[in-house]
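Please read through the following structure with the sequence at hand. The paragraphs below take a sheet, then a pocket, then a pair of aromatic rings.

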Amino acid sequence: MKKYYYITFIAIVATVCLQAKYIWGLYNQYVTENIIKIEMETEKAIEDEKWIRRVLQSISMIPTTEEYSSEIKSQKPDTVRLSPRDADMIRSTTVKQIAAGKFAAERIHGLEQDILQAAGFPLNLNTLDSLWRASDSIVRHPHQFFLYDKDTVMISSVGDLESHTPDYVSQLHPIGTKGLQYLQIKADIPMSHFLRHQLWTLALSACMMLLVLLCLFFQLTAIRRKEALLRKREMTINGTIHDLKSPLNSVITMMGWLKQTTPDKETKEMLETSKAGVRRLISNIEALLMTARMDRHQVVLNKSLIDVPEMAEGVKKELSCLYPVKPHTICIINELPAGLQVMADGMYIENVIRNLMENALKYSDAGVMIEVSLSIVNERLCVSVKDNGWGIAPCHQRKLFTQFYRVPRSEEQQQKGYGIGLAQSKYIINEHGGEIMVKSAEGEGSTFTFMIPCR
């Protein structure tokens, strides 16, 4: 159940992170748009402020730019001097060269600033700030205008900026062409402005995220309820199946006693056949119990010294009783040292051998030859069950030991089963510290081999 919590937690974190990234992207876009607006409005405010000063200059009957241009004295193209009237004198040839250049507009604008400043009309920060605030195209951000001298030492400032680390700091805008003064604006773009501007977008986004989180929570709750219900059902079924073992063991004991006390040979054979069937039923019950708990509980092995050849012979007799009408031959090749006993759980190892031998018998035609080899390989017990039956295609071999998987067969080859025998066998062998493998070809038979430590 923990994996569902982890998956849900990861999904929630991913949803929140994606939502935060989306909002952060919107905020960055909002900041970029406002910076562009601030720059544009600052340039417009500078132009408007310059126009106001020119109007004041005209009212004061101060010579205009054209009059100054006619009185420009001879000087270097990039030099501007004061006339006897304390105005800048600009050579007409310099104006023509600037107007023909790439930055003519900016230079002319700078020259006008020089003329106005020389005429006693310097840049007025209060007027500039008022014009900037009067704009309708930008949000009223906290800002500050700074005026610097040629050495970038602040002369004056105006504004309501309180932050020491503003979100936007413009470049130094030269006032005029001489580099005597520079203008700079610093502004904050608070998150609160962004939230108000994007209120409906953020509200809709938050509702969608909340809906996703509620869906995840609902799914997790539904999974928890179903998991609890399945566990209760599983415990009930497992308890019922487990309770069947006790009476079945009593039946086996009773059949053994009847076999010993009955003189009739046919009765003894019938009792032996019934006894083998009951043992097979107990083996299936044990497989079901193991299959039900193999995902959560480790199997408890009751190891003891077992005689594997004797065990294989007993399984051979049981299968002969269970499949009396199907001709077959089971040959046991014992290459183990005489008297060798292996430390393992006898009941489980017998189940594995029974599963492999019975599968070889079931999934084959009449007259099948089954060869069971017992040997020692690298100090480990090696049990190999080989048959000349139907075989298994390579595409199905990787899924053979998967729980509830059955190899697709034609209608003529269909056999009863639940797909738990090989999964149980692999689980048992793994718990013994061994391994199980298969080698097969369709139409040529199969060979199942498992190896476990002898001690």
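In which sense do β13 and β14 pair, and over how many bridges? The pairing of β13 and β14 is antiparallel and runs over 7 bridges. The model is a predicted one. Within this pairing, Val 438 is placed opposite Phe 448 of β14. The two strands form a hairpin with 3 residues between them, and in that hairpin Gly 443 has a positive phi near 85°.

The hairpin belongs to an open sheet of 5 strands, whose order is β9-β11-β12-β14-β13 and whose pairing is mixed. Its edges are β9, residues 328–334, and β13, residues 435–441, each of which pairs on one side only. From one strand to the next, the twist averages 15°. On the other side of the hairpin strand β14 (residues 445–453) in the strand order comes β12. Strand β12 covers residues 380–387 and pairs with β14 in the antiparallel sense, again over 7 bridges. One position to look at here is Ser 384, whose bridge partner in β14 is Thr 449.

A helix packs on this sheet: α9, residues 308–322, which touches β9, β11 (368–377) and β12. The direction of α9 makes about 175° with that of β9. As a general point on such sheets, side chains in a regular strand alternate between the two faces.

Next, the second largest pocket. Its volume is about 300 Å³. How many residues line it, and which lie nearest its centre? The lining consists of 13 residues, and those nearest the centre are Ile 46, Glu 106, His 109, His 173 and Pro 174. At least two lining residues come from each of α1 (2–59), α4 (104–118) and β6 (173–175). Of the contributors, α4 gives the most, with 4 residues. By character, the lining of this pocket divides into 4 nonpolar, 5 polar and 4 charged residues.

Helix α1, which supplies part of that lining, also holds a pair of aromatic residues, Trp 24 and Tyr 27. A search of the whole structure finds 5 aromatic pairs. Why does the pair of Trp 24 and Tyr 27 count as tilted? The ring centres of Trp 24 and Tyr 27 are 5.6 Å apart and the planes stand at 40°, so the pair is tilted; the tilted class holds angles that are neither under 30 degrees nor over 60. Along α1, Trp 24 and Tyr 27 are 3 residues apart, which is about one turn of the helix.

Technical notes
Residues numbered from 1 in each chain as written. Predicted model: local features only at pLDDT ≥ 70, side-chain atom pairs only at ≥ 80, totals over all residues. Heavy atoms only, no water. Pairing = 2+ DSSP bridges. Axes fitted to C-alpha atoms, helices over the stretch in contact; angles between N-to-C directions. Contact = heavy atoms within 4.5 Å. 1 Å grid on protein atoms, 1.4 Å probe; cavity = no way out; pocket = protein on both sides within 12 Å on 5 of 7 lines; lining within 4 Å. Points joined across faces, edges and corners; volume = space filled by probe spheres on them. Nonpolar A, V, L, I, M, F, W, Y, C, P; charged D, E, K, R; others polar. Phe/Tyr/Trp six-rings, centres within 6.5 Å; stacked < 30°, edge-to-face > 60°.
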